[in-house]
Amino acid sequence: FTLLMQMSGNLKKESNIMLYEVELKKLEAVKVLSLRGIIPHYNQEGILWEKLGRYIGEHNIACHSDGYSIYYDEEYMESNPDVEVAIPVEQLGESRGEFVYQEYPAIELAATLRFSGPFDGGYDAASEKLAKWMEENGYAFAGSLRGHVITSPDDTSDPEKWLTELQVPVKKVL
């Protein structure tokens with residue numbers, strides 16, 4: 001919860017960010033090829049995405065155009081956050097070094113919030129709304145926060161059309 005609140009600390013009120021309603025739902029298991037690492041700052045996730053993209057290209061790996069970012073730190077990190085990026089694949093292959101095939105397990109109960117528009121500002125606005133919703137409705141974190149980019153820069157160069165869903169495993173707090 002602290003992570004969400006602090007990620008939203010520098011909230012930019014951007015008119016081009018469209019926030020949808022928070023939705024509770026089950027998330028299905030998903031097979032992915034992932035790369036985890038410590039990056040200088042959250043907004044430099046592209047370092048991991050470029051490395052993963054090169055690996056996929058060099059090995060002709062069949063994958064989807066959506067992707068996941070998982071944030072493992074329990075609190076917001078000013079620098080050096082522990083982040084994993086992943087691309088869904090049809091079937092698991094053989095992991096090599098830091099490139100790991102795995103299946104993200106199904107999540108029985110997740111609070112999710114979609115936003116459209118650029119990532120900068122979008123994550124902040126969505127994090128703030130999701131954290132506030134969790135607090136008001138009596139839910140607590142039950143796992144790591146992840147972002148699911150549904151419509152990505154690979155699909156369209158227009159940032160207005162990008163669609164991302166924040167997903168947080170949650171449990172009801174009595």
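This report walks through the strand pairings, the nonpolar cores, one pocket and two loop residues of the structure above.

The model is predicted, so local features need pLDDT of at least 70 and side-chain atom pairs count only at pLDDT 80 or more, while totals for chains, interfaces and linings use all residues. Numbering starts from 1 along each chain as its sequence is written, and side-chain values use heavy atoms, with hydrogens and water left out.

**Strands and their partners**

Helices (H or I, at least four residues) and strands (E, at least two) are DSSP runs, numbered from the N terminus. Two strands pair if DSSP finds at least two bridges between them. Here are four pairings to follow on screen.

| Pairing | Bridges | Sense | Example of partners |
|---|---|---|---|
| S3 (residues 30–38) and S6 (residues 99–104) | 6 bridges | antiparallel | Leu-33 and Tyr-101 |
| S3 and S5 (residues 82–88) | 7 bridges | antiparallel | Gly-37 and Val-83 |
| S4 and S9 (residues 145–151) | 5 bridges | antiparallel | Ile-70 and Arg-146 |
| S4 and S5 | 4 bridges | antiparallel | Tyr-71 and Val-83 |

Strand S4 deserves a second look. Buried means under 20% relative accessible area, exposed over 50%, and partly exposed in between (1.4 Å probe, protein chains only). Since 5 of the 5 residues of S4 are buried, the strand is largely enclosed by the rest of the structure. Gly-67, Ser-69 and Tyr-71 point one way, and Tyr-68 and Ile-70 point the other way. In a regular strand the side chains alternate between the two faces of the sheet.

**The nonpolar cores**

A nonpolar core is a set of buried Ala, Val, Leu, Ile, Met, Phe, Trp, Tyr and Cys residues joined through side-chain atoms within 4.5 Å. The largest one has 33 residues, and Leu-33, Leu-52, Ile-61, Leu-130, Met-134 and Val-168 have the most contacts inside it. At least two residues of this core come from each of S3, H2 (46–58), S5, S6, S7 (107–116), H3 (119–137), S8 (139–141) and S10 (163–172). The largest share, 6 residues, is supplied by H3. Apart from this core lies another, of 6 residues, with Val-30, Tyr-68, Ile-70 and Ala-86 among them.

Contact means heavy atoms within 4.5 Å. Leaving aside residues up to four places away in sequence, Leu-52 touches Leu-33, Ser-34, Leu-35, Val-85, Ala-86, Ile-87 and Phe-99. Ser-34, found in strand S3, counts as buried because its relative accessibility is 1%. With the same sequence neighbours left out, the contacts of Ser-34 include Leu-52, Glu-84, Glu-98 and Gln-102.

**A pocket beside S4 residue Ile-70**Ile-70 is one of the residues that line the second largest pocket, together with Tyr-72, Tyr-104, Pro-105, Ala-106, Ile-107, Gly-143, Ser-144, Arg-146 and Pro-169. On a 1 Å grid over the protein atoms alone, a pocket is an open set of points where a 1.4 Å probe fits, with protein on both sides within 12 Å along at least five of seven lines; lining residues have an atom within 4 Å of a point. The pocket has a volume of about 160 Å³, which is the space filled by probe spheres set on the points, with grid points joined across faces, edges and corners. Its lining has 7 nonpolar, 2 polar and 1 charged residues. Here Ala, Val, Leu, Ile, Met, Phe, Trp, Tyr, Cys and Pro count as nonpolar, Asp, Glu, Lys and Arg as charged, and the others, Gly among them, as polar.

**Two asparagines in loops**

Most residues other than glycine have a negative phi. Asn-60, in the loop between H2 and S4 (67–71), has a positive phi near 45° and is exposed, with a relative accessible area of 70%. Asn-80, in the loop between S4 and S5, has a positive phi of about 55° and is partly exposed at 44%.
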